[in-house]
Amino acid sequence: LHPLRVESVAWVAERKDVLAGFFGLLCLGAYVHAWHRRTSDRPRRSWTVAALLFFALGLLAKPSLVPLPGALLLLDLWPLRRMESAPRSILRAAPRLLVEKIPFFLLAALASYAATAAHRTIHGLTEVPLATRLSAVPVHYVFYLWKTFVPRHLSPLYPDLSPSFVLTGLTLLLLLALIGAAWQARNRHPEWLAGGLFFLGFLAPAIGLVRFGVQSIADRFTYLPAIGISIALLFAWPTGRNRQGWP
């Protein structure tokens, strides 16, 4: 229903966003189901295999699902609570959680390599100085946040943003403030941290560090990352259940 979804839903060449998102959500659902149907401390193997299969199918539709293994780690943090949000608990549990997701990371690495190689073959990678790309990253993140909440003056083709040093600094401070606030409130509102990191992570492949094609920003890039904003806003729809468990 959101205006930013127009390109992915109505533009037939970008319907792959919807297909990849469909399999991505199935992967997340199967992963959560595996741990809720676990026996002792082991997940249901059949549901874990299903999650891996859905992930592979989603990558075949579009490699925008590459950050999904990171989203599985966020699920481990909340709502599965397989590790606490304290730094010491995260450091203690992280190696075990990372090792068990090696198959997911391998698929993500293969998809990243294939996508980069394909664009390089057709000369689809745009050469932009690294300093320019880095300075544009926080500006792009704030641009997408603004368009999500104020979807005005949308366009199928935006000009490249040429941020000044001041604009880069201000947007970076804003992002750090939002992340810091989510971290401070992680015990009362774990959905803020989980949703914020989901948004940042899923936008990472399209944030402009690697320039695929002529566009550095586009509405369709928000299709999957916007799920993170929805997660962060779960507090607006209380369910009456304990927020330490299921949302």
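Helix axes here are lines fitted to C-alpha atoms over the stretch in contact, and the angle between two of them runs from 0 to 180 degrees between N-to-C directions. Keep that in mind as you look at this predicted model. We'll look at how helix α7 meets helix α9, then at the second largest pocket, whose lining draws on both of these helices.

**How α7 and α9 meet**

- Helix α7 covers residues 130-149 and helix α9 covers residues 190-203.
- Their axes come within 11 Å and cross at roughly 120 degrees.
- Angles from 65 to 115 degrees count as roughly perpendicular and those over 145 as roughly antiparallel, so α7 and α9 are oblique to each other.
- The crossing of α7 past α9 is right-handed.
- On the α7 side, the contact is made by Tyr141, Tyr144 and Leu145.
- On the α9 side, Phe199, Leu200 and Leu203 do the job.
- What kinds of residues make up this contact of α7 with α9? There are six nonpolar ones, with no polar and no charged residues.

**The second largest pocket**

- This pocket holds about 530 Å³ of space.
- It is lined by 22 residues, and the closest to its centre are Leu145, Leu178, Trp192, Gly196 and Ala232.
- You've already met Leu145: that residue of α7 also takes part in the contact with α9.
- Which elements give two or more residues to the lining? They are α7, α8 (165-184), α9 and α10 (226-232).
- Helix α9 supplies the largest share of the lining, with seven residues.
- By type, the lining divides into 19 nonpolar residues, three polar and no charged.

Technical notes: Residues are numbered from 1 along each chain as its sequence is written. This is a predicted model: local features need pLDDT of at least 70, side-chain atom pairs count only at pLDDT 80 or more; totals for chains, interfaces and linings use all residues. Side-chain values use heavy atoms; hydrogens and water are left out. Helices (H or I, at least four residues) and strands (E, at least two) are DSSP runs, numbered from the N terminus. Angles under 35 degrees count as roughly parallel, over 145 as roughly antiparallel, 65 to 115 as roughly perpendicular and the rest as oblique. A crossing is left-handed if the near helix is turned anticlockwise from the far one by less than a right angle, and right-handed if clockwise. Contact means heavy atoms within 4.5 Å. Ala, Val, Leu, Ile, Met, Phe, Trp, Tyr, Cys and Pro count as nonpolar, Asp, Glu, Lys and Arg as charged, and the others, Gly among them, as polar. On a 1 Å grid over the protein atoms alone, a cavity is a set of points where a 1.4 Å probe fits but cannot get out, and a pocket is an open set with protein on both sides within 12 Å along at least five of seven lines; lining residues have an atom within 4 Å of a point. Grid points are joined across faces, edges and corners, and a volume is the space filled by probe spheres set on the points.
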